[in-house]
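Please report on the chain shown below. Keep to what the coordinates give.

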Amino acid sequence: MAKGKDVRVTVILECTSCVRNSVDKVSRGISRYITQKNRHNTPNRFELKKFCPYCYKHTIHGEIKK
């Protein structure tokens, strides 16, 4: 029996405010989280509000390509 595409895929979430601010000044780093999403329930880009240790606050982390 052949396996089809996996329903659960691993995605990388990256802080959106760090990416915008790193253009203006020297960046200390970019916060990234690794998580899973269900491809059937969320077919479009994934966004979560997570803590960014570089911004020292909760910011929106968006899905990026691997």
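How much area does the chain expose, and what share of it do carbon and sulfur atoms supply? The chain exposes about 5400 Å². Carbon and sulfur atoms supply 52% of that area. The model is predicted.

**Fold**

The chain has one helix and four strands. Along the sequence they follow the pattern β-α-β-β-β. The chain has 66 residues, and 26% of them are buried. Among contacts with a separation of 6 or more, 52% join residues 24 or more positions apart.

**Cysteines**

Why is C18 in no disulfide with C55? The cut-off for a disulfide is a pair of cysteine sulfur atoms within 2.5 Å. The closest cysteine sulfur to that of C18 belongs to C55, 3.3 Å away, so the two are too far apart for a bond. Seen from the other side, C55 is in no disulfide either, and its nearest cysteine sulfur is that of C18. The count of disulfides in the structure is zero. C18 is also buried, with a relative accessible area of 7%.

**Rings and charge**

Which charged end sits over the ring of Y33? That of K50 does, 4.7 Å from the ring centre. Aromatic pairs number zero in the structure.

Two distances from the sections above, side by side:

| Pair | Distance |
|---|---|
| C18 sulfur to C55 sulfur | 3.3 Å |
| K50 charged end to Y33 ring centre | 4.7 Å |

Terms used:
Residues are numbered from 1 along each chain as its sequence is written. This is a predicted model: local features need pLDDT of at least 70, side-chain atom pairs count only at pLDDT 80 or more; totals for chains, interfaces and linings use all residues. Side-chain values use heavy atoms; hydrogens and water are left out. Helices (H or I, at least four residues) and strands (E, at least two) are DSSP runs, numbered from the N terminus. Buried means under 20% relative accessible area, exposed over 50%, partly exposed in between (1.4 Å probe, protein chains only). Contact means heavy atoms within 4.5 Å. Accessible areas come from the Shrake-Rupley method with a 1.4 Å probe; for residues, only the protein chains shown count as cover. Rings of Phe, Tyr and Trp (its six-membered ring) pair if their centres lie within 6.5 Å; planes under 30 degrees apart count as stacked, over 60 as edge-to-face and the rest as tilted. A charge sits over a ring if NZ of Lys or CZ of Arg is within 6 Å of the ring centre and within 35 degrees of the ring normal.
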